[in-house]
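Student: Please take a close look at one single part of this model, and then work outward from there to the rest of the chain. I would like the cut-offs behind each term as you go.

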Amino acid sequence: MEEDGPPRKILWVIPVKEDVHPIRFFFFLFSVFTSLSVIVYFSAAQSWTLTSILKVDTTVGDTTGSLSMYSEFVSMVAVVAWGVLSDYCEKRTINSISLIIMGVIVISYPFSPNVYPALLLQKFIYSVGTAGTTCMMAAIMLEVVHGEQSGIVSGLIGTCTGLGAIFSAFVLFSVPTRMAHLASSVFDPILVVYGYAVIGSVTVALGFILWFLMPKNTPLLRGAKRQLINRPKVPRWREIYENLRHGVLAAQDPRIALGYVTSFFARADEVIITHFISLWVQQYYIDIGRCQVGSYCPYASSSTQTMTGIAQSVALTVAPFFGIGSHFSKELALVVAGAIGVSGCIPFAFSIDPTAKTSLGFVVLLAMGEYGMIVSGMAMIARKHVKPEFRGGVAGVYSLCGCIGIIIVSKVGGVLFDKWMKGAPFLLLGIGHGLIALLALIHFIYLVTKKYVWGDKNIVVFS
């Protein structure tokens, strides 16, 4: 069991390990901001690629869901590989490589001549990059946080994800429109290509720069090998297996298990919101005749920018409170996040006009619930009794659960988008938020009962 020294307080309130430099901690948060900015833009811009460049029409929902589903099969392998690899090499290296991969694919994505196989193959490679940044978000947090004081740090991470989404909505979404002077008209699909090129190039550059600025760490398993001189040599595959096995067995702790389940729906939240709001808005303008398949739709870009930007801005103000709440009771924080998500997802799913003011209110609640679950869920897995040499495995399984959530919800939601109603993906999210709230409430009641009714003084209800 690793014993942490006294915490280092950044700005007097942020508890991190004493060897974590404040500047490097800041750039860790900046890397979270960067990766989420690119992820949100890429997800929203995919609908522009399908309708404006590849001219996909009647099956756009199923195509979107299928691309997400197939690419997440790659992510399922990648997150486990990255998680295990992070115990053998520096986590900042993995994070930088992942950002560079993402940037290269962002540049090349709109040049795909077709959906299958060209667009799909690029989505595969892109998913390897996003899996790395997502996995390292959790793994680096486990390295920098002091003991079990994860609430404030996870709240800051949630805040940075919110800032990244806001930056993407208010700044990156408007990049194609701002470059209209380089095209023949504001409806020219070449603007989509220009937007991808600018954003992808900056991402690649930041991938290289951040390697020099993020927190360093000694690869734990490699370090352990150096210390245990008399330890019999164990095959590497055996160590990898043990690492992953511990990540799965860690779910015997109900809080870590709940964190895994939360990851399932929180990652699905992220994909459904970024993919299907943009897709629904674009399809709405095509249906009413203001835009056409095969051309860039500035109206859809503007409406998506407004809706997601305002929603993420409000959610940003709430994210730190979930971090603070998780510091006292992780279960109750999840209950609140789930309830807020339900109150936004279900009504929005049955909206007629996705650009209406009432729809905006529902999307705000939806975003609040999303980031509440991300923050509270990450706090769930930051448990001090997880052995440091297996933390990468826990982070990998956490991200793996998110991949499975994306596969199921995005594919089913995409089919229902085309066959039933445009709000079907959000109805699925509402059901998921409700389930998380229920499970968290049941576990909280169990802890309270065991401590105060059965008299088990070893139970920690508020942590």
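Tutor: A268 is a good place to begin: with a relative accessibility of 1%, A268 counts as buried, where buried means under 20% relative accessible area, exposed means over 50%, and partly exposed covers what lies in between (1.4 Å probe, protein chains only). This is a predicted model, in which local features need pLDDT of at least 70 and side-chain atom pairs count only at pLDDT 80 or more, while totals for chains, interfaces and linings use all residues. Residues are numbered from 1 along each chain as its sequence is written, and side-chain values use heavy atoms, with hydrogens and water left out.

A268 sits in helix 10; helices (H or I, at least four residues) and strands (E, at least two) are DSSP runs, numbered from the N terminus. Setting aside residues up to four places away in sequence, A268 is in contact (heavy atoms within 4.5 Å) with G405, I406, V409 and L429. A268 and E370 are 102 residues apart in sequence, yet their C-alpha atoms are 9.4 Å apart in space.

Helix 10 also leads to a charged pair, since R255 and E331 form a salt bridge whose closest N and O atoms are 2.6 Å apart; the term requires a side-chain nitrogen of Lys or Arg within 4 Å of a carboxyl oxygen of Asp or Glu. This pair links distant parts of the chain, with R255 in helix 10 (residues 254-287) and E331 in helix 12 (residues 330-349), 76 residues apart. Both E331 and R255 are buried. In general, side chains of opposite charge can pair when their charged atoms come close.

The structure holds four salt bridges, and one of them joins the side chains of K411 and D62 at 2.8 Å, N to O. Here too distant parts of the chain are linked, K411 being in helix 14 (residues 391-419) and D62 in helix 2 (residues 60-85), 349 residues apart. D62 counts as partly exposed because its relative accessible area is 27%. Another salt bridge brings together the side chains of E90 and R92 at 3.0 Å, N to O, and R92 counts as buried because its relative accessibility is 6%.

The nonpolar side of the picture brings us back to helix 10. A nonpolar core is a set of buried Ala, Val, Leu, Ile, Met, Phe, Trp, Tyr and Cys residues joined through side-chain atoms within 4.5 Å, and the largest one has 127 residues, of which F25, I157, Y260 and F426 touch the most other members. Helix 10 gives the most to this core, with 16 residues. Leaving out residues up to four places away in sequence, I157 touches F28, L29, V32, M137, M141 and M378.

For a buried polar side chain, turn to S127 in helix 4 (residues 115-144), which counts as buried because its relative accessibility is 2%. Beyond its neighbours within four places in sequence, S127 is in contact with S71 and S75.

For the protein chain as a whole, the secondary structure comes to 15 helices and two strands, and buried residues make up 60% of its 463 residues. Among contacts between residues at least 6 apart in sequence, 82% join residues at least 24 apart.
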